[in-house]
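Thanks for coming. I will put the structure up now and then walk through it, starting from one small detail.

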Amino acid sequence: MKSTVEQLGAIMARIVGPVLSLLRRSADSTGFGLVLLARTALNFPYLLTRRRTRDTLDLCYNYCVGSFLVTSVVALFTGMILALNGGNSLEELGQESLIGPIVAVSMIREMGPFMTALILTASLGSGIAAEIGTMKVSEEIDALRVMSIPPIRFLVLPRMVALTLVTPVMTIFAAFIGILGGSLVANSQFDVGWLSFRNDALETLDIVDVFTGMLKSVVFGITIATVGCTQGLLTRGGATGVGQAARRSVVVTFLLVIILGYYLSWSFLT
Amino acid sequence: MIRLENVHKTLGGRAILNGLTLEVKNGETLVILGRSGTGKSVTLRHIVGLMIPDEGRVEVLGQEISSHRQASLPKIRSRIGYLFQDGALLNWLSIADNVGLPLRERNLMPEKEIQERVEEVLSEVELDGHGDKLPSEISGGMRKRAGLARALVCRPEILLHDEPTSGLDPISSSIINGLIQKLHETGITQVMVTHDMSSAFQVADRIALLHSGKVIALGNADEIQKSKDPAVQQFIQGLVEGPLGRETSGEFEPEHPAKEESDLS
């Protein structure tokens, strides 16, 4: 008969082992991701070559087209929800005129960048991880290395730059659509005129709001691309590994977007 | 030309190469045989610097590749061609663009000359007229030949083949074997990893049999066939019982994958 201490020890070992392994893997991939980001930055001059510029522009186009519809729908309904909830409370106080400012500031400072980042993480970040992961398990990355074609220049740099450019563009678009959705609800449910909604919103918005939103979207874009490429390059173990890489890229990016989003908001508000 | 001396490599806690010593002479075709999981592909990956040994020396073209982790690797690799198991073609590029990729990306020649060289090498591997197709539009055998064309396009001094005939029908296998023999006549040094015995006996100058990360038999096709070593006989006759055992191990996963990915830029 095993003593209780031995049994507890065995249970602890079962729990501690995987936790330590997870921590080690996380530390490994965090370090790898940071090094990857730094190396990509050092390779930035290669973006000026004709082939890399063309690859990057192609990716920008594909990323915009690929996320356009889902971003539009989510942004429209987010703006409508904001206006509906805000309007209900403000109506009781007779302050319907504040719907415009609330929707505009929320969409431009917080909801636009955050929501766009989540959409792009799910659609593009996971796609990058799966694409590079598939290349990894089918030895295409090794083939590039053997041909002395640096994978960072050939694969990572165009994707990172394209996502860093596309995220702010899609954020502006999402904010615009969200505000449009908010104005629809404000007009139809709370009798706020179109012109009044627009004027109130523009009066409240200042350049810091726009700058905050844009900075967040750039940081989120870099984060999505870095995590996607990192998880893709660290993929192991065939189709299962590719699935895990895509899932991990979504989970890790969501966490980072929320944490980074909070600290960026905090730094601007204080 | 290629020398591996007492090479040790452990992956996922398992010793894959366990003091491997092997030499490939200039212009010869060496075939590495062995059961799955005995470290054949790992040996090829060491030769091209995709893996570095934990212990031992790997010397290729007069340079110690195991100590050239970063700076000189591209120079050495530019003299080596590598045919991967499934061709490892980029699926969004046409066959011609895949073949011309190393020439274009490394700016080795003007575009017109690249196109001529691509056509020439596609013709060498009997893929004329298939350049515009995508990898998904051609058969497995053709993909391997396209991979071979890409490996040859830069006129390498060494050509490494990782299971070039695996998964192919006998006719496609014969085409690949014929190409390897044709390349042998040009004087290129070749190392081929395979399970395919008939292919090995057809193309090899020498055959090395790997077991437990070591060479256990080395000789020409005749010497290997006539070997009295029970392990060699078990392998070439495909006997279930014998010194090589019944079971093989699966894929090896490195303990720290991030460390294996240091030469990406």
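In strand 5 of chain B, Glu64(B) is the bridge partner of Glu59(B). Strand 5, residues 63–64, runs antiparallel to strand 4, residues 55–60, and 2 bridges join them. Strands here are DSSP runs of E of at least two residues, helices are runs of H or I of at least four residues, and both are numbered from the N terminus. Two strands pair if DSSP finds at least two bridges between them. Strands 4 and 5 of chain B form a hairpin with 2 residues between them, and Leu61(B) in the turn has a positive phi of about 50 degrees.

Before going on, the basis: this is a predicted model, in which local features need pLDDT of at least 70, side-chain atom pairs count only at pLDDT 80 or more, and totals for chains, interfaces and linings use all residues. Residues are numbered from 1 along each chain as its sequence is written, while chains are lettered from A and ligands numbered from 1 in the order in which they are written. The model scores ipTM 0.88 and pTM 0.86. Chain B has a mean pLDDT of 87, with 91% of its residues at 70 or more; pLDDT is the predictor's confidence in each residue, from 0 to 100.

Back to strand 4 of chain B. Strand 1, residues 2–11, is joined to strand 4 by 5 bridges, again antiparallel. Within that pairing, Ile2(B) has Val60(B) as its bridge partner.

Next, the open sheet of chain B. Its 6 strands come in the order 6-7-8-3-9-10, with mixed pairing. Strand 6 (80–83) and strand 10 (214–219) stand at the edges with a single partner strand each, so one side of each is left without a neighbour in the sheet. From one strand to the next, the twist averages 20 degrees. Strand 9, residues 206–211, runs antiparallel to strand 10, and 5 bridges join the two. His211(B) stands opposite Lys214(B) there.

Which strands does helix 5 of chain B touch? Helix 5, residues 140–152, packs on the sheet against strand 6 and strand 7 (158–162), and its direction makes about 170 degrees with that of strand 6. Contact means C-beta atoms, placed from the backbone, within 7 Å. Angles run from 0 to 180 degrees between N-to-C directions of axes, which are lines fitted to C-alpha atoms, for helices over the stretch in contact. Helix 6, residues 170–185, lies across strand 3 (29–34), strand 7 and strand 8 (189–193), at about 155 degrees to strand 8.

His184(B) is in helix 6 of chain B. His184(B) is partly exposed, with 18 other C-beta atoms within 10 Å; 20 or more would make a residue buried, and 12 or fewer exposed. Thr29(B) lies 155 residues away along the chain, yet the two C-alpha atoms are separated by 6.8 Å. Leaving out residues up to four places away in sequence, His184(B) touches Thr29(B), Gln190(B) and Val203(B).

Last, the interface. Chain B has 24 residues in contact with 25 residues of chain A. Helix 2 (73–77) and helix 3 (95–105) are the elements of chain B that give two or more residues to that side. Helix 3 gives the most, with 3 residues.

Technical notes
Two residues are in contact if their C-beta atoms, placed from the backbone, lie within 7 Å.
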